[in-house]
Structure formats: structure tokens, C-alpha cells
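Student: Before I rely on any label in this model, I would like to hear how each one is justified. Could we go through them one at a time?

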Amino acid sequence: VGHDDLILSEDGIEIIFATNYVGHHLMWKYLEPMVKKSNRGRVVLTSSSGSFLTFPHGVATSVKELHGTVKISQFDMKYYGQSKLAQIM
């Protein structure tokens, strides 16, 4: 998924964050009613050690950072790391 060009989702969200976090949240919203109806339903959250590769302060602290408009190589893994950290928060 790593690339140097800024790519945004249809909603204008940086694509790695959209894929690894926002997409999972949306999927849960669709699955939630079925999981709640089942007496055996459960959700298991996973991530990777990539969560340590994020911004020094953990997550983007400005809209410019979040949307990838700060001049920073996307491939330096900060956005990927942020998306993995968000999965376990």
C-alpha cells in the first residue's frame, strides 16, 4: 500500500488511514446488528507492530497531517503506523 503520491479516498481521507481504520469502522456498523442478535457473536481486533512507526506524538495532531497535506513522504510509514495504532485504540 505504500506509495509516494498522496491518494485520497472518495471521501477525501488519506487512503491508508481510510483503508485500515475508517473502512473497518464502516464494516462494523453493517455487522453490528447481526453480531448483537447472535448469542455467540464476537469481534476480535488485531493490528501489527507497524503501530510503532507512527508520528512521534502517536497520531496526526492537525487536519493537515491527517489528510496528508503536510509535505512529508507518505512512504516513510507514518501514515501506515498511525492507521495500525488506530486499530488498537
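Tutor: Let us begin with burial: a residue is buried under 20% relative accessible area, exposed over 50%, and partly exposed in between, using a 1.4 Å probe and protein chains only. This is a predicted model, in which local features need pLDDT of at least 70 and side-chain atom pairs count only at pLDDT 80 or more, while totals for chains, interfaces and linings use all residues. Residues are numbered from 1 along each chain as its sequence is written, and side-chain values use heavy atoms, with hydrogens and water left out.

Student: Why is lysine 29 called partly exposed?

Tutor: Its relative accessible area is 46%, and because partly exposed covers the range between 20% and 50%, that label applies.

Student: What makes glutamate 32 buried and lysine 36 exposed?

Tutor: Glutamate 32 has 19% relative accessibility, so it counts as buried, whereas lysine 36, at 62%, counts as exposed.

Student: What makes the pairing of lysine 29 and glutamate 32 a salt bridge?

Tutor: The term requires a side-chain nitrogen of Lys or Arg within 4 Å of a carboxyl oxygen of Asp or Glu, and the N to O distance between lysine 29 and glutamate 32 is 3.6 Å, so the pair qualifies. The side chains of lysine 36 and glutamate 32 also meet in a salt bridge, at 3.0 Å, and Lys29, Glu32 and Lys36 are thereby linked in a network.

Student: Where do these residues lie relative to the turns of the helix?

Tutor: Lysine 29 and glutamate 32 are three residues apart in helix α1, and are therefore separated by about one helical turn; lysine 36 and glutamate 32 are four residues apart in α1, also about one turn. Helices here are DSSP runs (H or I, at least four residues), numbered from the N terminus.

Student: Why is helix α3 described as largely enclosed?

Tutor: Eight of the eleven residues of α3 (residues 78–88) are buried, so the helix is largely enclosed by the rest of the structure. Among the buried residues are Tyr79, Gly81 and Leu85. Across the chain, buried residues make up 29% of the 89 residues.

Student: Why does serine 9 count as buried, and what does it touch?

Tutor: Serine 9, in the segment before α1, has 16% relative accessibility and therefore counts as buried. Not counting residues up to four places away in sequence, serine 9 touches Ile15 and Ala18, where contact means heavy atoms within 4.5 Å.

Notes: Helix = DSSP H or I, 4+ residues; strand = E, 2+ residues; numbered from the N terminus.
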